[in-house]
Amino acid sequence: AYPNFIRGASKEDIYNLSEVCVENALLFFEAVEQEYQDLYERSFSLYQLREIFEKTRMPDYGKSIELDLNAKPSDYLKNDLEKLRRLKSMF
C-alpha cells in the first residue's frame with residue numbers, strides 16, 4: 001500500500017521510508033524473540049504478541065491468506081523486506 005497521507009515526497013523517499021521501517025521492525029522483533037527465548041526457553045511467535053503489546057496490529061495480507069500464529073514475527077518481516085526489495089525497480 002502507498003501511504004497517501006504523505007504529501008510532497010518522492011517515490012524513492014517513500015520506498016526508503018518503507019525499507020527502513022521494515023528493517024527496524026525486523027531488528028526489534030529479532031531482539032524480542034531472542035530475549036523471550038532466553039527468559040522462557042521457548043520460541044516467541046505471533047501468538048505471543050499480546051504478551052508484549054496492549055493492542056496488536058498486523059499487516060493485512062489479504063482475505064485468502066491466513067497467518068501462522070506459531071511463526072516468528074521476524075520470519076514474516078524477512079519475507080516483507082524481500083518483497084519490498086523486489087518491488088524497488090518500480091520506484
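Contact here means heavy atoms within 4.5 Å. Keep that in mind as we explore this predicted model.

**Exercise 1.** Find which residues phenylalanine 44 touches, leaving out those up to four places away in sequence.

*Solution.* Start with helix α1, residues 11-40. Phenylalanine 44 touches Phe29, Val32, Glu33 and Tyr36, and these four are among the buried residues of α1. Now look further along the chain: Leu49, Ile52, Lys72 and Pro73 complete the list.

**Exercise 2.** Check whether the length of helix α1 agrees with its number of residues.

*Solution.* Step one: α1 has 30 residues, and at 1.5 Å a residue it should span 44 Å. The expected span uses one less than the number of residues. Step two: the end C-alpha atoms are 43 Å apart, which agrees. Just after the helix comes glutamate 41, with a positive phi near 55°.

**Exercise 3.** Work out which elements give two or more residues to the largest nonpolar core.

*Solution.* First, gather the core: it has 12 residues, including Val22, Leu26, Phe44, Leu46, Ala71 and Leu81. Next, sort them by element: α1 and α3 each give two or more. The largest share, 5 residues, comes from α1. Finally, ask what covers the buried residues of α1: the cover includes α2 (49-52) and α3 (73-87).

**Exercise 4.** Decide whether phenylalanine 28 is buried, partly exposed or exposed.

*Solution.* Phenylalanine 28 lies in helix α1. Its relative accessible area is 42%. Buried means under 20% and exposed means over 50%, so phenylalanine 28 is partly exposed. On the surface, Phe28 forms a nonpolar patch with Ile52 and Phe53, with about 250 Å² of accessible area together.

Note on methods
Residues numbered from 1 in each chain as written. Predicted model: local features only at pLDDT ≥ 70, side-chain atom pairs only at ≥ 80, totals over all residues. Heavy atoms only, no water. Buried < 20%, exposed > 50% of the residue type's maximum accessible area, 1.4 Å probe, protein only. Patch = residues over 30% accessible without salt bridge, like charges linked within 9 Å, V, L, I, M, F, W, Y side chains within 5 Å. Areas by Shrake-Rupley, 256 points an atom, 1.4 Å probe, with all protein chains shown as cover. Salt bridge = Lys/Arg side-chain N within 4 Å of Asp/Glu carboxyl O. Core = buried A, V, L, I, M, F, W, Y, C linked by side-chain atoms within 4.5 Å.
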